[in-house]
Structures are given as structure tokens and as C-alpha cells.
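Trainee: Could we go through this structure together, one question after another, with the reasoning spelled out each time?

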Amino acid sequence: MVGVSEGQAAAQAPLTARTRVGRPLLSLALASMMDEVHAHSGAVYLLAADGSVLEMAVMAGLPRAFAAPWERVGLSAPIPVAEAVRERRLVWVGGEQEMAARFPRIAVVLPYPFALAAVPIATESTVYGAVFMTWPGSHPPELSSRERDHLTAGCDRLAVRLERAVEESLPPHAEPDLIAGSPMGGVADTLGTVEAARMVARLPYGLCSLDLHGRISFANAAAAEFIGVPVSELLGSQLWASAPWLNDPVYEDRYRAALLSQHATSFVALRPPGDWLSFRLYPSTTGLSVRIGKARTVTEMNRPGPPHDPAPSRLVTISQVLSLAGALTEAVSVQDVVQLVADEIAPAAGSQALVVLGSRAGRLHVLGHRGYTDPHVVERFDGLPLTEPTPGTHVLTSGVPGFFESREELERLYPARQAMPDTFAAWAFLPLIASGRPVGTCVLAYAERHPFPADERAVLTSLGGLIAQALERAVLYDVKHQLAHGLQAALLPHSLPPLPGIDAAARYLPATQGMDIGGDFYDLVPTRGLAAAVIGDVQGHNVTAAGLMGQIRTAVRAYTTVGQTPGEVMRSTNRLLIDLGSDLFASCLYLRLDPERGRAVMARAGHPPPLLRRPDGRVRVLDLAGGPLLGIDGAATYPTTEVELTPGCVLVLYTDGLVESPGVDIEDALADLGRRLAEVGDRPLDELADDLVRHSATTRERIDDVALLLLRARAGG
């Protein structure tokens with residue numbers, strides 16, 4: 001639900017959540033703010049001692065399990081408090097749809113109608129942490145000015161108190177969560193309660209009262225009869241764990257939805273052998289009331305019942321797996337996977353370092369690591385034969401996880417580890433198995449002894465499966481990326497040939513989205529007569545487009561070499577493209593260069609117009625006459641235009657990726673390119689090429705590849 005991000009301009013004050021101080025500072029501030037804005041849950045986070053992780057110090061209104069995936073978050077987590085701390089402002093999410101659009105990881109885990117505000121706890125110079133508040137889905141879509149003012153003022157007051165506490169060497173500690181007590185507490189012997197119990201006992205349908213954790217604190221006889229469990233055994237158990245046939249995460253989800261949204265929810269469950277029961281949950285800020293009866297209408301009479309697993313499901317497991325699964329779907333390359341494990345999984349698991357291992361040709365390979373001050377400690381394992389008796393190789397080859405609560409336990413099983421100079425004290429070795437085969441091992445290291453209870457082992461093992469799927473995809477992507485990069489490099493000129501009287505420079509940038517391969521190309525063709533320059537763009541970003549680009553570039557060189565005029569080169573290339581039967585089109589701009597006469601002859605096929613910078617700094621867009629895209633009309637003609645190319649003139653040829661981008665007007669982008677060319681056009685061509693590419697806003701997040709070819713006429717041939 002919350003997190004922080006790296007790179008704040010303001011300083012961050014690490015506040016340990018374990019150093020004692022005498023008063024419940026955080027709880028009082030949180031309760032006061034919730035009361036002022038009528039929020040139904042909230043939490044305070046503080047920066048950990050090393051300043052890299054945000055830790056939940058206290059939560060109020062709902063069980064901490066609701067925020068389990070975010071109890072410890074790395075500073076780069078893409079969630080509301082991250083944005084609030086990075087930008088030093090209040091972040092407001094007005095409802096379920098906005099949450100799904102802006103923060104999909106939270107929406108995956110908590111797909112319910114609720115609103116959320118996140119506010120940084122900060123003075124002018126220091127960030128101490130953050131607060132979040134939630135409201136039911138009935139809250140208006142906008143935060144009122146009164147609520148905004150109360151939240152901002154409350155966090156400002158808390159920041160001042162934390163600053164004072166740090167100055168007095170009394171940093172705050174984690175405090176008990178603020179959860180409402182049992183609704184039955186303190187009134188069991190009153191006459192009204194006795195009469196109410198008698199009334200409830202006479203009703204023909206079942207009634208239960210659940211606390212905020214979902215535990216049954218009251219049940220009438222009818223409820224016990226419907227569930228098939230005595231009242232004495234129901235009390236204290238969670239509703240979805242009270243009977244095997246209710247042990248389904250779907251039913252637990254309805255409890256979560258009711259509490260978080262504060263809207264009534266319901267579900268229908270099959271009690272063996274064939275009785276369908278209706279459960280309706282009515283929430284409040286102190287718990288839930290549940291009405292149980294026979295289902296009047298069931299549309300899924302043939303739906304099989306939930307599995308009869310006696311082990312109750314755990315909210316922590318479900319939430320963590322869902323949240324981190326969402327995060328891992330965003331990883332593209334192997335290094336993306338390593339970084340996400342470092343940012344999301346390691347902090348959630350409480351580990352301080354990690355290593356991701358893979359295998360190739362019977363040897364261990366280190367794919368990435370984080371948290372080790374000396375990288376050589378990890379890199380010494382790179383290239384180790386899989387037959388070596390190490391925990392990493394054993395887990396990778398056997399597929400069985402290994403959990404070591406202490407260094408002594410690890411070294412007893414693997415004596416060779418005694419020579420390892422690392423300072424960690426506990427480890428979890430998780431097999432990464434995808435498509436039924438091991439693809440690697442994820443090693444989580446802990447600075448202190450760390451017990452691994454059964455539930456934590458189950459969570460980590462499940463996460464290992466998710467990491468494995470992401471890693472398998474990432475390895476495949478990296479292979480394709482390398483193939484695409486190699487193919488693109490082979491199809492473009494390795495260097496530009498020297499031309500008499502002409503200096504040249506070129507740049508190519510692949511798209512930042514997709515397969516990193518496209519159809520943009522450029523070339524210089526020296527001949528015994530006049531040299532030629534060409535730039536073009538085949539539609540598409542795939543191997544087919546790149547292959548066709550290579551054919552066009554080869555054809556242009558051939559037609560130039562045999563002495564065709566610019567118009568003839570374009571017509572011949574157009575007919576070739578049609579004869580090849582390709583469904584793809586291409587734009588192209590072709591120039592025959594004559595620096596001795598100070599002229600150039602151009603032909604254009606649907607390509608963006610070039611820019612000409614004269615020696616006096618004036619820039620002109622050469623909107624030349626031209627013909628249609630190549631590959632459309634076999635009878636098309638391509639008129640030519642002669643333009644000035646005197647010494648000192650610079651011609652800028654480019655593909656549309658340099659000036660076209662969603663939300664950017666192409667005329668504005670072209671004018672901006674012209675202004676920049678006028679300002680810096682006297683620089684050496686390589687510097688000028690770098691500057692034009694760097695200056696273009698479209699090149700930062702490119703949906704298209706970019707080619708740029710600069711030509712400058714020089715005096716003296």
C-alpha cells in the first residue's frame with residue numbers, strides 16, 4: 001500500500017523502529033489524524049537505520065495482515081507513499097479504478113472500493129517517513145480541503161516531534177497496532193446483553209460476530225448447526241477456517257473486501273454433501289456481523305466445492321504472492337529480475353543481501369547480486385562446476401530449497417563454507433524451477449540468525465516459483481535482445497566512408513520499447529563520379545522489417561553504382577520492393593552530392609523533410625516535392641530537387657523517430673530541432689549529432705527507432 005523511493009533531494013533521517021522511548025508518540029499521532037479526517041485505517045512508516053528501507057511502525061483500524069506485502073518496502077517501490085516522499089506532497093487515490101490505473105500492484109492484492117491518501121513526514125530539511133490513511137469506497141472521489149489541511153498539519157506536527165526525539169537521542173520504536181477490541185467485551189453480564197442473546201437464539205437463521213481478524217467472538221445455535229461445529233469450537237476460530245468446506249481463499253477474500261470497503265459482501269458455499277448456504281457479511285470499524293442461511297437461488301449448482309484442505313489459508317501468503325507476482329511481470333531483462341528481487345522481495349523477507357545464480361554448460365554462473373560490500377565474495381562462485389558440494393549447486397541441481405538459521409548449521413553441512421569471508425549469519429537457498437526444470441537459485445542472506453518457520457518457508461518457496469518464471473522469460477528476452485542487436489549492427493554501416501568535400505556523422509538509436517530492432521537505415525555510397533547519401537525507414541520493429549531494410553540498402557547501393565540518377569534510383573527501388581511481394585512499405589530520402597559545384601540533388605519517397613543550416617546560422621526546412629512511400633504504386637515517379645550545399649552548409653537527414661512522439665506536435669518538434677541546429681550547428685559533426693539526439697525529447701522514451709545522418713560541405717574538396 002505504501003513505500004518510498006530513492007534519490008530524494010532532502011535528507012532522510014534513519015529511525016530505527018526498535019529503539020525504546022517512553023511514550024506512544026506514533027500511535028497517538030496516527031489516532032488523532034484518523035479521528036480528524038474520519039479515516040477507517042492508517043499506518044505510520046519510518047526509515048530503517050540504513051535509510052534504504054521503510055518499515056511499518058504502527059497500523060490502526062485494520063489487521064496488519066492487510067498490509068503484509070508492504071510491512072517492509074524498498075525505497076524504489078512504485079506505490080503511493082513512494083510518490084509522496086519523492087515529490088514531497090500529498091498523494092490522493094480516489095477509488096478502485098484510479099488505484100488500478102496508477103498503482104496496479106496494490107489493486108491486484110486489494111481489488112476493493114476504497115480511497116487512500118499518502119503524506120510524507122518531513123521537515124524542510126529531513127524526511128522521516130510517511131503516513132497513509134484509507135477510507136471506505138463511499139468517500140467522495142476528491143479529498144476535501146479540510147481533510148487535506150488536517151492530514152498535512154498532522155504530519156508536520158509529527159515530523160517536528162520526531163526531529164525533537166532524534167535530537168534527544170530518543171528515536172521512536174515500533175508500537176502496538178491500534179485494533180478495536182471484541183464487541184462483546186465488558187458487557188457480558190448486563191441484562192440487555194442477556195436478553196439480546198436470548199432473542200438471537202430464537203432466530204431461525206445463523207448469526208456470528210467476527211472481530212477485525214475474522215475470528216468468531218459470538219455465534220448462535222443456528223450458526224453452529226449450519227456450519228456443523230459446536231459453538232464452543234467456533235469461538236476464537238476464523239470463519240473460513242472453522243470447517244474444511246469453508247477453507248477457500250475466495251471466502252477469506254469476501255471478509256477482506258467487506259472490511260476494507262465497509263460495504264456488505266456475501267458468498268455462497270457448498271456444505272457437503274449438497275447443501276448450499278448463503279453468508280452475508282455486514283462490516284463496521286469494530287468487526288463484522290455475519291448472517292447464515294440456506295441459499296434460495298444458486299446458479300452454480302454443479303460447481304465443485306472448494307478443496308478440503310485442513311490447513312487454513314493465510315492472508316500473508318496470498319497477499320505477498322499476488323503483490324510480488326505483479327511486480328515480477330514488469331521485469332524484462334535478467335538484471336531487471338535481479339533488481340526487482342532486491343527492491344521488493346529481499347526487503348519483504350527481511351534479508352540484507354541476495355545472489356541470483358544460473359547454470360550454463362555444467363557450470364554455475366552468477367547472474368546478479370546485491371548487498372555484498374565485496375563483490376569478489378560472490379563472483380568467486382562464477383564458473384564453479386555443478387558437481388562441487390556447495391549449497392547453491394545442490395539446490396540448483398536437486399530443486400530442493402535449503403534454509404540455514406545460522407552459520408554453524410550451514411558450515412556443518414558444507415564445511416568448505418568456512419573459508420567464505422562474508423559476514424552474514426543465515427541463508428535461504430530457493431530453487432528457481434520453471435517449466436519443470438531448474439533455471440537457477442536465489443540466495444537470500446541475513447545479517448543475524450534467522451529462524452524459518454513453516455509458513456515463511458512456504459511463502460519463500462512460492463516466491464521462488466514466481467522468480468523462476470520471470471527469470472526464464474528474462475533469459476529468453478536477453479538472448480533475443482542480443483540477436484536483434486547483432487542483426488541490426490550487421491545491417492547498418494560499421495563506419496562511414498570518407499567522401500571528397502563532405503564530412504559526415506551518423507547515429508542510430510533503437511526503440512526503448514519492443515525488441516530493440518527496427519527498419520531505420522542510412523548509408524553513404526562513394527562512386528567514381530558523384531557520391532550519394534540515403535536514409536530510410538521500413539515500417540515495423542521486427543526481424544522482417546530489418547531484413548527488408550537490408551535489401552533496400554543493398555539495392556540503393558547497386559543502382560547508385562551503375563550510375564542511375566536520383567529519380568531512377570527511387571523508381572527502381574520502388575519496383576523491387578513491389579516485386580519482392582512484401583506487405584511492408586518504406587520511406588526514403590536520396591541525395592546525389594556534388595560539393596565541387598556546391599549543390600545536391602534530392603529525391604524523396606514519403607520521408608520527413610531534411611533541414612539545411614547555412615553558414616550564417618539560418619535554418620530552413622527543405623519541404624521538397626516527392627512521391628509516395630516505396631512499395632505502394634509500381635508506376636510512381638519521384639521528382640528531384642536541386643538544393644544549395646556550399647562550404648559550411650549542414651544537411652540534417654533523420655527518420656521520424658527523432659521528431660514524432662505521442663503528445664508531441666510534429667511541427668513543434670521540427671521547429672525545436674531547427675532552433676537547436678541554429679544554436680549549435682558550428683560544432684564538430686560528432687558533437688552536433690550527439691547534441692541533437694540528446695536534445696530531442698522523443699529519444700528519452702522511444703516508441704520508434706531513430707536514425708540521424710549529418711552532412712557538412714567543406715572548402716577545398
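Mentor: Let us start with a helix and the strands beside it, keeping in mind that this is a predicted model. Helix H9, made of residues 249-261, lies across E10, E11 and strand E12 (287-294).

Trainee: At about what angle does helix H9 run to E10?

Mentor: Helix H9 lies across three named strands, E10, E11 and E12, and the angle is given against E10. Angles here run from 0 to 180 degrees between N-to-C directions. For H9 and E10 the value is about 165 degrees.

Trainee: Which strands are the edge strands of the open sheet that holds E10?

Mentor: The sheet has 5 strands in the order E9-E8-E12-E11-E10, and the pairing is antiparallel. An edge strand pairs on one side only, and this holds for strand E9 (216-219) and strand E10 (265-271). The edge strands are therefore, by this pairing on one side only, E9 and E10.

Trainee: Which residue in E11 is the bridge partner of Val-268?

Mentor: Strands of a sheet pair through backbone hydrogen bonds, either parallel or antiparallel. E10 and strand E11 (residues 275-284) run antiparallel and are joined by 7 bridges. In E11, the partner of Val-268 is Ser-278.

Trainee: How is the aromatic pair of Phe-66 and Tyr-255 classed, stacked or edge-to-face?

Mentor: A search of the whole structure finds 12 aromatic pairs, among them Phe-66 with Tyr-255, whose centres are 5.9 Å apart. The pair links distant parts of the chain, with Phe-66 in the loop between strand E3 (53-60) and strand E4 (72-74) and Tyr-255 in helix H9, 189 residues apart. Planes over 60 degrees apart count as edge-to-face. Because the planes of this pair stand at 65 degrees, the pair is edge-to-face.

Trainee: How many charged residues are there in the contact of H16 with H17?

Mentor: The axes of helix H16 (residues 543-561) and helix H17 (residues 566-579) come within 10 Å and cross at roughly 140 degrees. The residues that meet include Leu-548 and Ile-552 in H16, and Val-569 and Leu-576 in H17. The residues of this contact divide into 8 nonpolar and 3 polar, and the number of charged ones is none.

Trainee: Which residue in E27 stands opposite Tyr-508?

Mentor: Strand E18 (residues 502-509) is mostly covered, with 6 of its 8 residues buried. E18 is joined by 8 bridges to strand E27 (residues 706-713), and the two run antiparallel. Opposite Tyr-508 in E27 stands Ala-707.

Notes: Residues are numbered from 1 along each chain as its sequence is written. This is a predicted model: local features need pLDDT of at least 70, side-chain atom pairs count only at pLDDT 80 or more; totals for chains, interfaces and linings use all residues. Side-chain values use heavy atoms; hydrogens and water are left out. Buried means under 20% relative accessible area, exposed over 50%, partly exposed in between (1.4 Å probe, protein chains only). Helices (H or I, at least four residues) and strands (E, at least two) are DSSP runs, numbered from the N terminus. Contact means heavy atoms within 4.5 Å. Ala, Val, Leu, Ile, Met, Phe, Trp, Tyr, Cys and Pro count as nonpolar, Asp, Glu, Lys and Arg as charged, and the others, Gly among them, as polar. Rings of Phe, Tyr and Trp (its six-membered ring) pair if their centres lie within 6.5 Å; planes under 30 degrees apart count as stacked, over 60 as edge-to-face and the rest as tilted.
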